[in-house]
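Here is a set of exercises to work through with the model open beside you. Try each task on your own, then follow the solution step by step.

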Amino acid sequence: MAFTVQDGRPDDDKVCVVLAHYELTRSQLVFSFLSLVAAFLLLAAFGFRIATRVDLWQWWVPVAFVGGIAMADFASGLIHWGADTWGRDDLPIIGHRLLVPFRIHHMNPDDFLRRRFIDTNGDVAFLTAPVLFGLLAVPFETAWGGSVAVFGFGFCGIGMFTNQIHQWAHMPSPSRPIRMLQDCGLLLGRTEHAAHHDRPYDLRYCISTGWCNRPLEAIGFFRRLEVAITGLTGARPRQDDRRYEERYGNAGASAGSSA
């Protein structure tokens, strides 16, 4: 998701006027659709391979599966933290495709609800497909093959729907099955995620299940990581937040955002 901007080069500090909310082009929609189809087919093939090659009644199967889900939640937090904390909107490719939607989402989180299923999940499916393709090559005849496969299935099965789960967490009234999963803590819930949208937007980054949020905050994981990065590079976390608000603030007030 991107925005058409009038009067201002990327390095200008002045407020820019947002003209329109940008929708995916036809080619981007086709790409997202094909990514989703590929990811679904690969996940189904991988699941079938596990079901026919692994004794699912062994004690380690649920442990590996839940571990994969937890890792997907951690990965979602790491990516979310990175997009919320570092980088300028004029960076090639990821600037308008990734960073701008994440930052503007803070200004108008409810606009995320306007996105269609393909818009919401296409990019994550694209990233998940090569991981699933690699997991199909896991040798099941080894002692570790089965556990890695089950772990990977949990990781990809939840991970590829991270944005969808995130969108559900913004819905005031999702479907009953989704509400039940949220209430049980199996999916990210609205209350859990709401804390992230309090300034300065530096809490509760994990957006798949939310399981990792409190443990990571208890040990100061992201703050320690920020200190380390600042010490190594001199870059300061969230130093461009004001720039994003100035350039795209009207988007948050009118047309909105994503991610």
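**Exercise 1. Place Q182 and decide whether it is buried or exposed.**

Step 1: Q182 sits in helix 7, which covers residues 176-183. Helices here are DSSP runs of H or I with at least four residues, strands are runs of E with at least two, and both are numbered from the N terminus.

Step 2: The relative accessibility of Q182 is 13%, so Q182 counts as buried. The cut-offs are under 20% relative accessible area for buried, over 50% for exposed and partly exposed in between, with a 1.4 Å probe and protein chains only.

Step 3: Now look at the surroundings. Setting aside neighbours within four places in sequence, Q182 is in contact with W168, A169, P174, L187, L188 and G189; contact means heavy atoms within 4.5 Å.

A word on the ground rules: this is a predicted model, in which local features need pLDDT of at least 70 and side-chain atom pairs count only at pLDDT 80 or more, while totals for chains, interfaces and linings use all residues. Residues are numbered from 1 along each chain as its sequence is written, and side-chain values use heavy atoms, with hydrogens and water left out.

**Exercise 2. Give an overview of the protein: how many helices and strands does the secondary structure come to?**

Step 1: The secondary structure comes to 11 helices and two strands.

Step 2: Along the sequence, the pattern reads β-β-α-α-α-α-α-α-α-α-α-α-α.

Step 3: Of the 259 residues in the protein, 45% are buried. Among contacts between residues at least 6 apart in sequence, 71% join residues at least 24 apart.

**Exercise 3. Find the largest nonpolar core and say which helix gives the most to it.**

Step 1: A nonpolar core is a set of buried Ala, Val, Leu, Ile, Met, Phe, Trp, Tyr and Cys residues joined through side-chain atoms within 4.5 Å. The largest one has 20 residues, and those with the most contacts inside it are F46, I50, V54, W60, L132 and V150.

Step 2: Two or more residues come from each of helix 1 (26-53), helix 2 (60-85), helix 4 (117-135) and helix 5 (145-159). Helix 1 gives the most to this core, with six residues.

Step 3: Zoom in on V54: leaving aside its neighbours within four places in sequence, V54 is in contact with W60, V61, F140 and G146. A second, separate core has nine residues, including I69, I165, L187 and I207.

**Exercise 4. Describe how helix 1 passes helix 4, then how helix 2 passes helix 5.**

Step 1: Two packed helices are described by the angle between their axes and the distance between the axes.

Step 2: The axes of helix 1 and helix 4 come within 7 Å and cross at roughly 45°. Axes are lines fitted to C-alpha atoms, for helices over the stretch in contact, with angles running from 0 to 180 degrees between N-to-C directions. Helix 1 and helix 4 are therefore oblique to each other (under 35 degrees is roughly parallel, over 145 roughly antiparallel, 65 to 115 roughly perpendicular and the rest oblique).

Step 3: The crossing of helix 1 and helix 4 is left-handed; that is, the near helix is turned anticlockwise from the far one by less than a right angle, whereas clockwise would be right-handed.

Step 4: For helix 2 and helix 5, the axes come within 7 Å and cross at roughly 40°. This pair is therefore oblique too, and helix 2 passes helix 5 in a right-handed crossing. Residues making the contact include W60, A64 and G68 of helix 2 and G146, V150 and G154 of helix 5.

**Exercise 5. Which residues in the loop have a positive phi without being glycine?**

Step 1: Y201 has a positive phi of about 60°, and R204 has one near 50°.

Step 2: Y201 lies in the loop between helix 8 and helix 9, and R204 is placed there as well.

Step 3: Y201 counts as buried at 9% relative accessibility, and R204 counts as buried at 16%.

Step 4: Check P200, also found in the loop between helix 8 (190-194) and helix 9 (213-218). The peptide bond from R199 to P200 is cis, with omega near 5°.
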